[in-house]
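Work through the exercises below with the model open. Try each task before reading its solution.

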Amino acid sequence: MRRPITLAAMALALCLALAGCGGGGASTAADSKVTLRFTWWGNADRAARTEKAVAAFERANPGIDIQTSYSTYESYKQKLATQAAGGDVPDLIQLDYRQISQYAGSDVLLDLGTQRKALPTEDMDSGLLKTGQVGGVQYALPMGVGTQALAYDKEAWRKAGLRAPKPGWTWEEWADALRKLKAAGYERPMTDPGSMEDWFEVWLRGQGKRLYGADGQAAFSAADLARFWAFTSKLRKEGLVSRAEDTTQMAGSVEDSPMGRKRAVAEFNWDAPSAGYEAMYGDRLALAPMPAGPDGTPGQYYKPSMLLGIAAGSTHPREAARFLDFLLNSDAAADILGVDRGTPVNGRQRTRVLPKVTGFQQQVAGLQESLEGKLKDPPAAPPRGDNGLQSTFQRDYDQVAFEQASPREVAEDFLTEARTELRP
Amino acid sequence: MTFTRTAVRANWPRTALHAGCLLVLLVMLYPLGWLVATSFKPADEVLASLALLPSRLATENYTTAAAGIEGVSLLKLFGNSLTISVGAVLGNVLSCSLAAYAFARLRFRMRGPLFAFMIATIMLPHHAVLIPQYIVFNQLGMVNTFWPMVLPKFLATDAFFVFLIVQFMRGLPRELEEAAKIDGCGPFRTFARVVLPLTRPALITTAIFTFIWTWNDFFTQLIYLFEPDKYTLTLALRTFVDTSSQSAYGPMFAMSVLALLPIVLFFLAFQRFLVEGMANSGVKG
Amino acid sequence: MDEAAVLPRQRPAPAVQGGKRRPKREREGAAWVFLSPWVLGAAVLTLLPMAVSLYLSFTDYDLFDPPSWVGLRNYTQMFTEDPRLLRSVLNTLLYVLVAVPLQLALALAVAVALKSMKRGKGFYRSAFYAPSLLGASMSIALVWRALFNDGGTVDNVLGSLGLHTGGWVNRPGWALLSVALLTVWQFGAPMVIFLAGLQQIPKELYEAASVDGAGRWRQFVSITLPMLSPVLFFNLVLQTIQAFQVFTPAFAVSGGRGGPADSTLFYTLYLYDRGFTASHMGYASAMAWVLLIAIAIVTAVLFRTSRSWVFYANEEGR
């Protein structure tokens, strides 16, 4: 009788795997201290500030212990998705605008309305609060805001006889500026914006259109996208924006973009991450508003740079809410965190923090100030499936830039894929 | 060596051989030189510069790297990497040799199908089983511990090494085992006293490959380790490059040079046994 | 798979085994004790997850909501409406055909050169193995991008020879080759295995051949190659399996996207993209199983052809 041995071994193995939960519930520790897990993405500077803020909170709340974990954005996305699939989401999570719909729609996030007492939101901008809502329910709170920007080399601008762009300048004026830069000897002065969905969105909004409709489907047509790509392709052929060979190397960080590699003197980017150019350009680095539509309609908007949410499965939602309240509403946290996660959404925190900023952060503050009251409300959080589309957009544009297919053909393909990917 | 005419003539192809090897080596080691040189480049040259040598020796990269990451010292990171790698080595050597002995020498039912299954496990891309495996480890309460990196090694899940040791054991003469059997040794004593010592070279090979591969692994560690206190060197390396904020490529290069040192030392110490081990392993198709 | 070629041949049972003192059952029990860690691992950490992924391959699963059964839809979609998948298959095949032969040829050439060396063997061995210590880390990927970029070292060297390429990693026609070269560059493991095989070839064979007046090349073709064929075969099978699953070098060099213009979008890279970026884990699981079957077929074919060219010195012909 050999078979039973095998079966027994396998059964034992399965039991071990399935009944192992017994060993897993270590979180109900004997002492009364509550442990919360807080996970976020960012760099070393953010890590230092966050640890300091956590320490301050723990001092004020001796019964709560906060365990932090951080990684870089790309790693973070995959790790969090795996945790969600494994039913092991940390109590406190930092989320990107693009993740909200997915995480809220799948009941990973707690309805923050249930914690209103511990977590008031009166001091936060109401338009921005909406960015953390799905179906009218507040699932996450924006922590900071940022906006799209043009980062450029002042020196080049001066040599080309250009003045600093003002809010409301148009895409045509932008193209003319590139022509002047080229005439001043700057070959291909600008990074080709055609590969990023973010810049397409700004262009689209400038014409009064939107990326996504209320139904969670694409709200633009293939013709819209084809026009945008035809526009960037024309500029590329004129020698005004980067070659396909350089555009394709962008992998997300400042350092591998054409401007970061000193092959261009201007580039679209989000305002805060543009600080990365400082290492290469120093004082010559400047920020300007994004180009607007033909009639001056602004396309750019205030976007939450990140949001914070509580896991629906958290066993200590009230303590978690208290920690969020500390981060998002307290003066102490504002003093420690500064504008590291973007300009604070909380009005009181903002007025406390902004006068103290230095260096490049002053430029960010200056840009946001110049746009104050001029921008339209941010769009609702992108629908589920948008995450994959963002990389498809960049992939597809390679085909346009390397001239393997016409803008129209590729735009049709993109919309076909968008229709199957978006899961409202 | 006597310096006769024939010796000189016989030597010249040897010299040519050395010259050829050195030339190939020069080309091959160039990227390594680039890696080390980059770790000394100032921030604005790390990725932008296309020259091998830095314009000035930027030792600040190493100062930053030596400080570790927020709240975790470099020493701690080394310690974590080392714990996981050594655990993995012990696990693989022990469990793979046990399984290999059964496949190579013992008779049992379903031996053929089970062996084929083992080989087939090499063929499935691991991304496909990542989520189910995570669920298993989560159920076992092992997330945020070193176990997901170490336990699989104690359960011989690295089929590559089982296969390697099986092939090695095939080449061992049976006479010794049979003699042991006649002396009254059971299969366990035969394994421990006769087979294991003879298999040592293959085990060293397994140990070296396991150490290097575990040391360099990133994916498993990323998924399973939560607290920075448990982070390894490869995880720490990645924290330097965050695309959503500012990156620090220089310190990343510096730390990856530092992270190389242990495996270089480990390899230099054992490479002699590596080839010796493989030479005796009788690897056959 | 051709089991006979893989499985260690069992000799006729020794007399002891048939004897009454050691019943067969007891021996089998011992075998299961030896196997127990492997059985446990195979069941819980391999078979169970594999079964789950097989199940998922018939579902629509976005990692968040429970999987829903869709039958064969993932499979039919793969074969009928996914041009990018076809592209990734072609890229992978091209990569296998370029990287595997180049890597094995280089590993073999270096191993043969080292074998005839009397001095400095240890040094060369370590030096040639050095690149393989690195793995495909982010830093080595960045080095690769710098070397093979427009204006990088490779471009400059080739340019001075009159072959201006304009960079490799940034151009659709060349990027795959630069990724393949990263794999070829790390040829340490097959080299070590070749070295081992070479040391097993009896010296007498070469001595006899040189008495017969055979030159180096003749000796290589008529002694080294046939005697080395089992090792060559071992390397060929394992490197081919690994090449079909190529992920890390392309992921690192292309920044995860498999660019430019999908030219380094390999099968597993696309699988990862579908599973984790686009949250189609069901579809990704189906892709994994198709790859498993494809690799199994290729391996089986390799085993079949091996009968005509792999020469087993210690075993009687079949």
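**Exercise 1.** How many residues of chain C are in contact with chain B, and how many residues of chain B take part? Then describe that side of chain C by helix and by residue class.

Solution. This is a predicted model.
Step 1. Count two residues as in contact if their C-beta atoms, placed from the backbone, lie within 7 Å. By this rule, 81 residues of chain C are in contact with 72 residues of chain B.
Step 2. Sort the chain C residues by helix. The helices of chain C that each supply at least two residues to the side touching chain B are α1 (3-6), α3 (24-56), α6 (121-129), α7 (138-147), α10 (188-199), α12 (216-244), α14 (267-277) and α15 (281-309). With 19 residues, α3(C) gives the most to this side.
Step 3. Sort by class. The side of chain C that touches chain B has 57 nonpolar, 20 polar and four charged residues.

**Exercise 2.** Do the same for the side of chain C that touches chain A.

Solution.
Step 1. Here 29 residues of chain C are in contact with 31 residues of chain A.
Step 2. α3 and α14 of chain C each supply at least two residues of this side, and α3(C) gives the most, with eight residues.
Step 3. The class count for the side of chain C that touches chain A is 13 nonpolar, nine polar and seven charged.

**Exercise 3.** Describe the fold of chain C and the span that UniProt annotates in chain C.

Solution.
Step 1. Chain C has 15 helices and two strands.
Step 2. Of its 318 residues, 48% count as buried.
Step 3. Take the contacts in chain C with a separation of 6 or more: 68% of them join residues 24 or more positions apart.
Step 4. An unreviewed UniProt entry carries the annotation "domain: ABC transmembrane type-1" for residues 89-302 of chain C. This span is 72% helix and 0% strand, and its end C-alpha atoms lie 19 Å apart.

**Exercise 4.** Over which residues of chain C is the pLDDT below 50?

Solution.
Step 1. Begin with the whole chain: chain C averages a pLDDT of 85, and 89% of the residues score at least 70.
Step 2. The pLDDT is below 50 over residues 1-22 of chain C, a stretch with 30 contacts in the model beyond near neighbours in sequence. It is also below 50 over residues 314-318 of chain C, where the stretch has one such contact.
Step 3. Where pLDDT is low, the predicted coordinates should not be read in detail.
Step 4. For the complex, the predictor gives an ipTM of 0.86 and a pTM of 0.89.

Key
Residues numbered from 1 in each chain as written. Chains lettered and ligands numbered in written order. Predicted model: local features only at pLDDT ≥ 70, side-chain atom pairs only at ≥ 80, totals over all residues. UniProt positions renumbered as here; feature names shortened; annotations may be inferred. Helix = DSSP H or I, 4+ residues; strand = E, 2+ residues; numbered from the N terminus. Nonpolar A, V, L, I, M, F, W, Y, C, P; charged D, E, K, R; others polar. pLDDT = per-residue confidence, 0-100. Buried ≥ 20, exposed ≤ 12 C-beta atoms within 10 Å, placed from the backbone.
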